[in-house]
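Ready for some practice in reading a protein structure? Work through the exercises below, and try each one yourself before you look at the solution.

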Amino acid sequence: MMSCIGDNTEVKVPKYKSNKENIINKFKEAEDVELNWSFKSGFINGEFISDQNLTLNLEYPKKLKVDEKFLEEKINFSKRISDEEILNKKSFDYFIVNIYLGDSLIKEHKEKSNSEL
């Protein structure tokens with residue numbers, strides 16, 4: 001489903017290979033997993049700008065010992081799962097992975113997913 005905003009902007013909705021819960025269930029070690037999409041728009045210097053992103057938030061137990069290798073493995077796993085499960089991932093501007101220990105953000109990974117950027 002797509003909606004039209006103005007003349008040139010379409011709001012994109014994620015399309016899943018199976019369903020959103022199937023993606024979330026792949027992150028068994030995480031205490032909480034959220035997969036969201038966002039649309040932001042506005043005028044900057046008279047020009048209409050929009051930004052459409054997919055964000056995966058992974059929350060791990062506060063007491064978990066985490067190193068750079070752990071973080072990179074989770075980011076790579078997130079990218080692989082999103083490539084496999086989100087059919088229209090490349091139609092969004094960015095894919096963002098946020099990793100939390102408890103409620104503290106310890107790593108943010110943001111990559112362009114739109115081939116037109």
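**Exercise 1.** Find the place of Lys 12, then decide whether Lys 12 is buried or exposed.

*Solution.* Start with the position: Lys 12 sits in the loop between β2 (9–11) and α1 (20–25). Keep in mind that you are looking at a predicted model. Next, take the relative accessible area, which is 16% for Lys 12. Buried means under 20%, so Lys 12 is buried. Finally, look for its partners: leaving out residues up to four places away in sequence, Lys 12 touches Trp 37, Gln 52, Ser 91 and Phe 92.

**Exercise 2.** Work out the pattern of helices and strands along the sequence.

*Solution.* First count the elements: the protein has 2 helices and 6 strands. Then follow the chain from its start, and you read β-β-α-β-β-α-β-β.

**Exercise 3.** Lay out the open sheet: what is the order of its strands, and which strands are at the edge?

*Solution.* Go pair by pair.

- β3 and β4 are antiparallel, with 13 bridges; here Asp 32 stands opposite Glu 59 in β4.
- β4 and β5 run parallel and are joined by 8 bridges; Leu 56 faces Val 97 in β5.
- β5 and β6 (residues 104–112) run antiparallel, also with 8 bridges; Leu 101 has Ser 104 in β6 as its bridge partner.

Put together, the 4 strands make an open sheet in the order β3-β4-β5-β6, with mixed pairing. β3 and β6 are the edge strands, since each pairs on one side only. From one strand to the next, the twist averages 20°.

Now look at the turn between β5 and β6. This hairpin has 2 residues between its strands, and Gly 102 takes a positive phi near 60° there.

**Exercise 4.** Explain why β5 can be called largely enclosed by the rest of the structure.

*Solution.* Count the buried residues of β5: there are 6 among its 8 residues, so the strand is largely enclosed. For the protein as a whole, 34% of the 117 residues are buried.

**Exercise 5.** Which residues have the most contacts inside the largest nonpolar core, and which elements give two or more residues to this core?

*Solution.* Begin with a general idea: in soluble globular proteins, nonpolar side chains tend to be buried together. In this model, the largest nonpolar core has 19 residues, and Phe 27, Leu 56, Leu 58, Tyr 60 and Ile 99 have the most contacts inside it. The elements that give two or more residues are β3 (32–44), β4 (47–60), α2 (68–85) and β5 (94–101). Now zoom in on Leu 56. Setting aside neighbours within four places in sequence, its contacts include Phe 27, Val 33, Leu 35, Ser 78, Phe 95 and Val 97.

**Exercise 6.** Classify the aromatic pair of Phe 27 and Phe 77.

*Solution.* A search of the whole structure gives 3 aromatic pairs. In the pair of Phe 27 and Phe 77, the ring centres are 5.2 Å apart and the planes stand at 80°. Planes over 60 degrees apart count as edge-to-face, so this pair is edge-to-face. The two residues lie 50 residues apart, with Phe 27 in the loop between α1 and β3 and Phe 77 in helix α2. Last, check their accessibility: Phe 27 is buried at 6%, whereas Phe 77 is partly exposed at 24%.

Notes:
Residues numbered from 1 in each chain as written. Predicted model: local features only at pLDDT ≥ 70, side-chain atom pairs only at ≥ 80, totals over all residues. Heavy atoms only, no water. Core = buried A, V, L, I, M, F, W, Y, C linked by side-chain atoms within 4.5 Å. Buried < 20%, exposed > 50% of the residue type's maximum accessible area, 1.4 Å probe, protein only. Contact = heavy atoms within 4.5 Å. Pairing = 2+ DSSP bridges. Axes fitted to C-alpha atoms, helices over the stretch in contact; angles between N-to-C directions. Phe/Tyr/Trp six-rings, centres within 6.5 Å; stacked < 30°, edge-to-face > 60°.
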